[in-house]
Amino acid sequence: MKLQLRVSGEHHEVLKAHLLPSDGKEAVAVALCGRFYENDSIFLMIHDLTLVPHDECYSREWDILTWPTNHITHYFERINKSDLAILKIHSHPGGYDKFSNTDDISDAEFFDSVFGWSINDKPHASAVMLPDGEIFGRFFFHDLHSEPITKVCVAGDTILHYTKGKNFTFDDFAKRTIQAFGEKTYQCLKELTVGVVGCSGTGSPTIEQLVRLGVGKIILIDPDTVELKNLNRILNTTVEDAQNSKPKVEVIANSIKKFGLNTIVETFQTNLYDSIYALKALVKCDVIFGCMDSVDGRHLLNQLCSFYLIPYFDLGVKLEADGTGGINKICASVHYLQPRKSSLITRGVYTTDDLKASSQFRKNPSEYENLKQNAYIKNVNVNSPAVISVNMQIASHAINELLNRIHPFKADSPDSYAASTIDITEAYIVNSNENDFHIDEYLKKKSGKGDVLPFIEIAELSI
Ligand SMILES: [Zn+2]
């Protein structure tokens with residue numbers, strides 16, 4: 001059973017500041033969490049946070065804390081009406097990395113009361129923050145028994161994963177990677193589940209690198225079959241695959257199995273909008289790469305990653321050719337999106353008009369052609385020129401960015417690389433800071449909401 005707690009980078013910083021004050025005494029906060037609930041996986045995502053003021057606690061010492069619950073009565077009312085969970089999180093400033101006997105007694109009492117308010121029997125959680133910001137915790141079930149949280153994930157400028165009791169195992173093929181990034185980073189890669197949506201030009205070299213870096217599990221999503229025109233850029237595809245119209249995800253998955261690096265691969269030959277199973281598989285990912293052209297697909301991923309607090313890398317290539325061998329411009333970009341911050345929309349990657357056109361093109365191509373001819377709708381790029389060297393460069397840039405978020409190695413702090421645009425014709429790279437962009441206030445309100453109907457509040461997905 002996977003029991004996960006997910007926290008946005010912003011909330012993690014707020015918690016650190018509140019729970020680890022300079023007086024060295026314990027402190028407490030309570031969060032309202034969205035849920036992802038399946039048979040084998042239960043995730044809680046912090047949606048809203050209430051800090052219990054230090055000076056209102058009845059007693060605060062370095063090893064003990066009693067506090068009033070009047071600040072969180074509105075949370076009790078919320079869980080009485082909707083499928084949300086309560087997380088209680090306090091600190092152990094002395095670094096004690098277990099729940100104490102006092103914790104056991106106070107948690108039993110607290111969660112007994114929480115279940116009294118709950119609309120359903122689904123679990124809630126208690127967690128502890130240690131002096132370095134690490135979080136561990138446990139889920140409380142309806143009969144008040146508890147089970148440890150298997151992984152705590154923080155999706156911020158850096159991607160932090162806290163797992164307890166895992167032993168490091170060495171893989172010979174990873175020796176050179178470990179020499180560069182160390183055992184801890186390799187272990188983190190090995191425990192990652194990464195979703196890649198779009199397995200063509202930028203997707204295929206992204207997948208290849210993830211596998212060879214040692215990522216444990218990969219989810220591949222792409223609706224298309226291999227065609228001859230793809231062979232100029234999709235790794236490991238052959239003329240035979242094109243002649244047999246083999247699904248891209250199947251060809252790539254087979255080649256990964258042949259590598260023999262024990263990567264677990266799950267595939268979905270589908271458009272994102274057509275399969276709730278593919279979307280739910282993405283929810284279970286620790287990181288998602290969007291490697292597709294369609295604006296509505298990128299939009300969906302940005303929204304999904306906000307609801308479920310998942311770090312998201314968006315890759316885009318713009319290659320303007322005149323069709324007779326002349327190149328006007330080659331430009332490629334990587335966007336790193338984290339919950340509660342900016343989005344592809346607020347960064348100006350596309351507009352709501354682009355989104356409308358893209359969605360019309362997908363849902364009703366003939367009507368789209370009509371509207372386009374009458375100039376009522378914007379042009380959607382299909383069958384754009386594509387070249388392997390450009391795709392590989394931007395895929396490598398994205399993977400280096402992932403590594404930099406897990407194990408910062410670049411000169412400036414990770415927030416300085418929220419977006420990178422590589423202009424290959426003019427030979428320069430522009431990096432933008434997360435603070436250069438406006439926060440997407442709409443998505444911020446949705447962050448960590450988890451399971452809702454319709455799925456991520458997109459009516460079309462109410463399958
Ligand atoms: Zn404690």
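Five salt bridges link domain 1 and domain 2, a salt bridge being a side-chain nitrogen of Lys or Arg within 4 Å of a carboxyl oxygen of Asp or Glu. The model is predicted, so local features need pLDDT of at least 70 and side-chain atom pairs count only at pLDDT 80 or more, whereas totals for chains, interfaces and linings use all residues. Residues are numbered from 1 along each chain as its sequence is written, and side-chain values use heavy atoms, with hydrogens and water left out.

**Domains and their interface**

- Domain 1 spans 2-163 and domain 2 spans 172-461, with bounds from an automatic or database domain assignment.
- The contact (heavy atoms within 4.5 Å) involves 28 residues of domain 1 and 33 residues of domain 2.
- Together the domains bury about 2,400 Å², of which 51% is on carbon and sulfur atoms; buried area is the accessible area (1.4 Å probe) that two parts lose on being put together, summed over both.
- Arg6, Asp157 and Ile159 provide 28% of the area that domain 1 buries against domain 2, more than any other three residues.
- Lys151 and Asp286 form a salt bridge, with their closest N and O atoms 3.3 Å apart.

**Zinc site**

- The zinc ion has protein donors (N, O and S atoms within 2.8 Å of the metal) from His90 (NE2), His92 (NE2) and Asp103 (OD, listed twice), at 2.1 to 2.3 Å.
- The donor residues follow the spacing H-x1-H-x10-D in sequence.
- The arrangement is irregular because the four donor atoms subtend angles of 57 to 148°, whereas tetrahedral requires all angles between 85 and 135 degrees.
- His90 is buried (under 20% relative accessible area, 1.4 Å probe, protein chains only), at 3%.
- His92 is also buried, at 5%.

Notes
Donors are N, O and S atoms within 2.8 Å of the metal (3.2 Å for Na, K and Ca); water is not among the atoms, so sites may look incomplete. Four donors count as tetrahedral if all angles lie between 85 and 135 degrees; four count as square planar and six as octahedral if opposite donors are over 155 degrees apart and all others between 65 and 115; anything else is irregular. Buried means under 20% relative accessible area, exposed over 50%, partly exposed in between (1.4 Å probe, protein chains only).
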